[in-house]
Amino acid sequence: MPSLPLKTLKIPTQRRCQMIDLTLQIRGLLSDVKGQDGMVIVYVPHTTAGITINENADPDVQSDWLEKLGQLIPHREVYYRHGEGNSDSHLKASLVGSSVTVLLERGQLILGRWQGIYFCEFDGPRQRDLLVKLTTF
Amino acid sequence: MPSLPLKTLKIPTQRRCQMIDLTLQIRGLLSDVKGQDGMVIVYVPHTTAGITINENADPDVQSDWLEKLGQLIPHREVYYRHGEGNSDSHLKASLVGSSVTVLLERGQLILGRWQGIYFCEFDGPRQRDLLVKLTTF
Amino acid sequence: MPSLPLKTLKIPTQRRCQMIDLTLQIRGLLSDVKGQDGMVIVYVPHTTAGITINENADPDVQSDWLEKLGQLIPHREVYYRHGEGNSDSHLKASLVGSSVTVLLERGQLILGRWQGIYFCEFDGPRQRDLLVKLTTF
């Protein structure tokens with residue numbers, strides 16, 4: 001299985017909690033795949049951010065998603081002991097997950113009609129990295 | 001790494017929220033693997049459904065799972081703005097996840113003794129698709 | 001794509017809910033990779049435990065993580081019907097997830113500076129298994 005060199009996307013985030021649609025940027029890395037089948041592994045090398053696949057049509061989906069998740073796991077709890085004040089961000093990162101795997105068929109991302117790939121910032125704003133590995137079968 | 005053509009399972013769901021055990025159907029797709037090692041990537045191309053691996057013995061596990069998740073993320077919140085009324089479904093889909101990877105050894109799914117692969121409907125009933133990609137190493 | 005034989009780590013857990021850093025043990029399995037690129041799939045064959053990638057510097061992160069998750073999904077709910085009393089463990093396992101995929105570059109795990117790989121016990125203490133599959137591209 002040949003693989004292409006690991007690529008890094010630089011992602012500046014603007015708010016403490018934010019979903020950023022990276023589908024187009026990831027699609028822009030596919031030119032080397034040249035019509036083959038394979039997969040893309042998208043990996044977040046941070047512990048207070050995650051990655052998910054969700055709806056890319058109505059922005060209210062993302063704001064509702066962030067608000068409900070923030071209500072479940074609020075920024076502050078009286079019992080948090082971690083001194084950086086971002087214990088909520090670490091739990092959110094684990095529940096959302098640190099990577100997604102998306103299939104490639106004939107060089108194209110196989111996403112459902114309404115699916116986009118979202119970087120999930122839970123402790124911004126920061127400069128973040130996202131690792132993208134393409135492999136053909 | 002040779003891969004087999006992408007397969008699609010058609011899944012009719014019956015309720016708004018439901019877990020459906022697909023282990024046997026996925027196992028039924030393995031005949032082409034012919035005793036080799038590899039992996040299966042099971043992918044949900046929807047934004048209001050997910051996939052998970054969980055217990056396949058006592059059905060009370062699934063009903064407790066669905067009830068507790070629904071209590072954490074109820075159907076309605078006064079602050080939801082998304083007009084389709086399924087903001088809960090989108091968050092559940094992200095937390096449960098849109099794909100699972102299961103190893104194949106000598107052509108068999110490597111699952112723990114009590115593990116089954118469950119499609120998780122969070123906004124049904126609907127006709128759903130599930131994508132299954134087999135790859136041998 | 002050549003793959004190496006599936007390996008099993010034996011993990012004794014000491015508490016009902018516990019995060020155990022396995023990064024060093026997983027790194028110890030990489031000698032056969034011999035400087036190649038690839039990936040490692042780490043898989044939990046249990047339905048009341050999970051695996052996640054999170055911070056490995058301050059132990060307060062793990063205790064806050066476990067306490068908040070336990071507050072969201074407590075051990076007991078009056079409506080749980082599953083007789084074993086571990087319905088909470090099954091839901092936690094699904095939300096955290098049963099596997100992680102980590103990239104290998106020149107034989108090394110590609111983890112962010114603060115990232116470690118944690119086995120998450122949600123119904124211990126028990127003797128657990130963790131499956132580790134290395135594949136080079």
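Modeller: "Buried" means under 20% relative accessible area, "exposed" means over 50%, and "partly exposed" is in between (1.4 Å probe, protein chains only). This is a predicted model, where local features need pLDDT of at least 70 and side-chain atom pairs count only at pLDDT 80 or more, while totals for chains, interfaces and linings use all residues. Residues are numbered from 1 along each chain as its sequence is written, chains are lettered from A and ligands numbered from 1 in the order in which they are written, and side-chain values use heavy atoms, with hydrogens and water left out.

Colleague: Okay, why is B:Lys133 called buried?

Modeller: Its relative accessible area is 1%, and the cut-off is under 20%, so the label fits. A:Asp37, at 24%, falls between the two limits, so that one is partly exposed.

Colleague: What makes A:Asp37 and B:Lys133 a salt bridge?

Modeller: The term needs a side-chain nitrogen of Lys or Arg within 4 Å of a carboxyl oxygen of Asp or Glu. Here the closest N and O atoms are 3.9 Å apart, so the pair qualifies. A:Asp37 sits in the loop between helix H1 (23–27) and strand S3 (38–43) of chain A, and B:Lys133 in strand S8 (residues 127–136) of chain B, so the pair joins two chains. Helices (H or I, at least four residues) and strands (E, at least two) are DSSP runs, numbered from the N terminus.

Colleague: How many salt bridges are there between chain A and chain B?

Modeller: The count is 3. Over all chains, a search of the whole structure finds 27.

Colleague: What about A:Arg16 and A:Asp88, what makes them a salt bridge?

Modeller: They are 2.9 Å apart, N to O, which is within the 4 Å limit. A:Arg16 is in the loop between strand S1 (7–12) and strand S2 (18–21) of chain A and A:Asp88 is in helix H3 of chain A, so the pair ties together parts that are 72 residues apart in sequence. A:Asp88 is buried at 0%, whereas A:Arg16 is partly exposed at 21%. Both belong to a network of salt bridges with A:Asp123 and A:Arg126.

Colleague: How do you know that the span of helix H2 of chain C agrees with what it should be?

Modeller: The expected span is 1.5 Å times one less than the number of residues. For the 14 residues of H2 (59–72) that should be 20 Å, and the end C-alpha atoms are 20 Å apart, so the two agree. The buried residues of H2(C) include C:Trp65 and C:Leu69.
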